[in-house]
Amino acid sequence: MNYQVSEKKGETRRICLREIGETGFEVVVDGQTLHVDAVRSGPTIYSIIENGKQFEVMVDEKGIHGFDVMLRGQLFHLEAIDERTQLLAGSAAVVASGPQTVVAEMPGKVVRVAAAPGDAVSEGQGVVVVEAMKMENEIPSPIDGVVREMAVSEGQTVEAGTTLFVVEPPPPG
Amino acid sequence: MFRKILIANRGEIAVRVIRACRELGIRAVAVYSDVDRDSLHVRYADEAHPCGAPPARESYLVMDRMIEIAKRAGADAVHPGYGFLAENGDFADLCAREGIAFVGPRGDVIRAMGDKVTARQTMQKAGVPIVPGTTERLSDAQITEWIREIGPPVMIKASAGGGGKGMRLVRQDSEVAKAIARARGEARSSFGDDGLYVEKFVERPRHIEIQVLADSHGNTIHLFERECSIQRRHQKVIEEAPGNGITPELRARMGEAACAAARAVGYLGAGTCEFLVDKSGNFYFLEMNTRVQVEHAITEAITGIDIVKTMIRAAAGEPLGIAQDQVRLHGHAIEARIYAEDPDVNFAPSPGLIGVYRPAGGIGVRVDSGVYQGATVTVHYDPMVAKLVTWGIDRQEALDRLERALFEFVVKGIKTSIPFHQRVVRHPVFREGRYDTGFIDEYMDGGSGGAFEDPDQDEVRRVAFVLAAIAAYRRDKQQAARAATGAAGHGGGQDPWKAFGRRLQMRGGLG
């Protein structure tokens with residue numbers, strides 16, 4: 001089975017897997033053949049032994065193809081798509097398009113609103129600050145774009161799922 | 001000595017106090033809100049009583065209910081822990097009126113230290129150096145006038161302040177009006193008191209605090225300093241003891257100042273004097289915390305003194321039993337506060353079910369925590385999951401041990417700040433101990449930076465990519481199997497498991 005594994009805004013590698021026994025894999029990557037033993041304890045923690053070297057690795061599924069992989073204190077945002085699915089889907093790169101609605105992930109209180117409708121914001125820029133769990137949390141814009149709607153005001157209490165703001169991609173040109 | 005203590009708190013500090021009670025042969029009474037029935041502190045207690053709905057103001061902050069439970073349980077003392085009612089002078093007074101000992105100082109002492117302006121006046125009288133500035137609440141015009149005379153940079157601070165709230169830095173005269181309005185607004189909404197004062201801004205200070213212990217027999221001693229300069233948005237995240245480059249002479253002077261501060265207010269129990277230390281080694285009183293601190297464990301590690309037990313004994317009228325010249329500083333200790341937050345997404349809170357919990361262990365490692373595998377971190381309270389404390393014979397060993405312990409510590413189901421701590425501990429500037437409160441902003445890009453290259457970087461990357469493929473493969477296979485079972489049960493349709501198998505054969509060729 002062949003997978004295309006790509007890093008967000010980074011390289012893509014082709015990885016061929018062949019299952020051997022209960023936990024083993026023969027892996028071809030970068031033209032090298034590796035023998036990997038991958039044992040899972042709990043749903044998301046793996047112990048990997050490759051050529052005698054042991055790595056403890058944590059994996060979180062993110063969406064349909066996304067995997068957040070953490071090892072040795074480093075986090076990799078990866079997408080793994082098997083080649084057949086990729087062929088069927090045409091291009092695998094699905095870019096978020098259209099207006100993005102950002103909702104509160106947990107109950108809290110809006111302590112600051114840093115942008116108004118019409119303001120240009122960049123990806124990762126804090127738009128609203130919500131206090132929850134005794135901490136102030138900046139809620140960033142998911143994309144480069146323009147704030148179309150600000151659904152909350154300072155001092156307002158929000159529940160999980162409450163819409164905070166809507167941001168849309170900038171008009172082309 | 002007390003027979004029974006009610007612990008008016010939850011989480012790791014409730015567990016900490018219950019441990020002290022058990023060692024002292026005192027029965028421990030826990031309280032729990034509706035979401036805390038399953039919490040660890042309940043399991044460790046001798047008695048447990050419900051105290052209300054999940055929001056703290058309907059449970060852990062309800063004074064009358066705590067008193068009522070204490071009376072019903074026959075508790076002769078209340079330990080408030082930190083947070084919640086710990087620095088509420090009215091609660092201390094209420095306990096005293098009801099004939100229940102409050103493990104901490106008197107209500108008027110808490111109030112005197114809680115109001116920053118009063119505390120500054122008291123410290124000035126006691127000869128303790130304070131940050132240059134005013135010792136009165138000021139009107140807007142007075143603040144503007146003061147800044148015009150002294151010149152920026154200055155800090156406008158809330159008299160009732162704490163935790164970085166109601167605090168505004170002014171770097172230019174033009175910012176004054178806006179800063180006053182902002183600080184007053186924040187102070188009013190956070191503390192219900194919009195009194196402000198002004199302090200000279202200390203550039204890039206270090207945050208050094210002195211642990212103090214006092215009994216009711218006139219003994220006041222200090223247990224040296226803790227350095228708490230690693231802060232994110234005014235919240236401490238890593239602390240160590242002793243402080244970096246604190247000479248025995250400076251340590252002695254700061255210790256004496258802290259004891260003088262405690263004596264000046266008639267302090268009882270465990271308290272902490274926080275100081276700012278500037279580049280030239282001048283120190284200024286910042287505030288006194290009239291409770292046990294989160295980071296008390298690092299002082300316990302270097303002195304061998306059980307601070308929580310000592311404060312309980314002091315509240316019961318017993319003498320400290322140790323003189324200043326008997327307190328020994330041995331080795332070095334570091335604490336990393338592990339929070340339920342995602343360092344990869346701007347430190348957003350990450351509540352939820354802890355699916356896997358495997359704390360670090362071994363020589364020189366202490367973990368104080370209120371959670372366990374299968375516990376849920378709720379949105380209602382402080383997001384701290386665990387305090388990881390390591391001790392070493394010197395700073396180098398304590399740091400190496402912390403790095404090793406962070407490597408071992410596994411928490412899954414929720415995100416934690418463990419990766420952030422790993423980046424701090426490996427940072428060369430932190431390693432050298434030459435840091436101040438600007439460290440995270442300057443060297444860690446506010447917390448997201450400080451990435452390090454593993455010596456086996458290529459291999460680490462490759463393993464990550466391979467594992468993503470393996471995880472995808474296992475998931476695809478599992479889904480196919482599940483779909484196959486479903487299809488068989490409904491007797492028809494295409495068999496996805498077979499389809500997966502075919503795909504495997506088709507694409508399975510290596511290379």
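**Exercise 1. Find the register of strands β1 and β2 in chain B, then place them in their sheet.**

Step 1. Strand β1 (residues 4-7) of chain B runs parallel to strand β2 (residues 27-33) of chain B, and 4 bridges join the two. Strands here are DSSP runs of E with at least two residues, helices are runs of H or I with at least four, and both are numbered from the N terminus. Two strands count as paired if DSSP finds at least two bridges between them.

A word on the model before going on: it is predicted, so local features need pLDDT of at least 70 and side-chain atom pairs count only at pLDDT 80 or more, while totals for chains, interfaces and linings use all residues. Residues are numbered from 1 along each chain as its sequence is written, and chains are lettered from A and ligands numbered from 1 in the order in which they are written.

Step 2. For the register, look at B:Lys4: its place is opposite B:Arg27 in β2(B).

Step 3. Now widen the view. The open sheet has 5 strands in the order β3-β2-β1-β4-β5 (chain B), with parallel pairing. Its edges are β3 (47-52) and β5 (101-102) of chain B, each of which pairs on one side only.

Step 4. Add the helix on top: α3 (residues 63-73) of chain B lies across β1, β2, β3 and β4 (77-79) of chain B, at about 155° to β3(B). Such angles run from 0 to 180 degrees between N-to-C directions, with axes fitted as lines to C-alpha atoms, for helices over the stretch in contact.

**Exercise 2. Describe how helices α4 and α5 of chain B pack.**

Step 1. Two packed helices are described by the angle between their axes and the distance between the axes. For α4 (residues 89-97) and α5 (residues 107-114) of chain B, the axes come within 7 Å and cross at roughly 175°.

Step 2. That angle makes α4(B) roughly antiparallel to α5(B). Under 35 degrees counts as roughly parallel, over 145 as roughly antiparallel, 65 to 115 as roughly perpendicular, and the rest as oblique.

Step 3. Pick out the contact residues: α4(B) brings B:Gly89, B:Asp90, B:Ala92, B:Asp93 and B:Ala96, and α5(B) brings B:Gly107, B:Asp108, B:Ile110, B:Arg111 and B:Gly114. Contact means that the C-beta atoms, placed from the backbone, lie within 7 Å.

Step 4. Sorted by class, this contact has 3 nonpolar, 3 polar and 4 charged residues. Ala, Val, Leu, Ile, Met, Phe, Trp, Tyr, Cys and Pro count as nonpolar, Asp, Glu, Lys and Arg as charged, and the others, Gly among them, as polar.

**Exercise 3. Repeat the analysis for α1 and α11 of chain B.**

Step 1. The axes of α1 (residues 11-24) and α11 (residues 307-315) of chain B come within 9 Å, crossing at roughly 65°.

Step 2. α1(B) and α11(B) are therefore roughly perpendicular to each other.

Step 3. From α1(B), B:Arg16, B:Val17, B:Ala20, B:Glu23 and B:Leu24 meet B:Val308, B:Lys309 and B:Ile312 of α11(B). The class count for this contact is 5 nonpolar, no polar and 3 charged residues.

**Exercise 4. Trace the two hairpins around β5 of chain A.**

Step 1. Start with β4 (residues 32-41) and β5 (residues 45-50) of chain A, an antiparallel pair with 6 bridges. Here A:Val36 stands opposite A:Glu50 in β5(A).

Step 2. β4(A) and β5(A) form a hairpin with 3 residues between them, and A:Gly42 in the turn has a positive phi of about 75°.

Step 3. Continue from β5(A) to β6 (residues 53-62) of chain A, again antiparallel and joined by 6 bridges. A:Ser47 has A:Glu56 in β6(A) as its bridge partner.

Step 4. This hairpin of β5(A) and β6(A) has 2 residues between its strands, and A:Asn51 in the turn has a positive phi of about 50°.

**Exercise 5. Summarise the contact between chains A and B.**

Step 1. Count both sides: 50 residues of chain A are in contact with 36 residues of chain B.

Step 2. On the chain A side, strand β8 (residues 74-82) gives the most, with 6 residues.

Step 3. By class, that side of chain A has 33 nonpolar, 6 polar and 11 charged residues.

Note on methods
Two residues are in contact if their C-beta atoms, placed from the backbone, lie within 7 Å.
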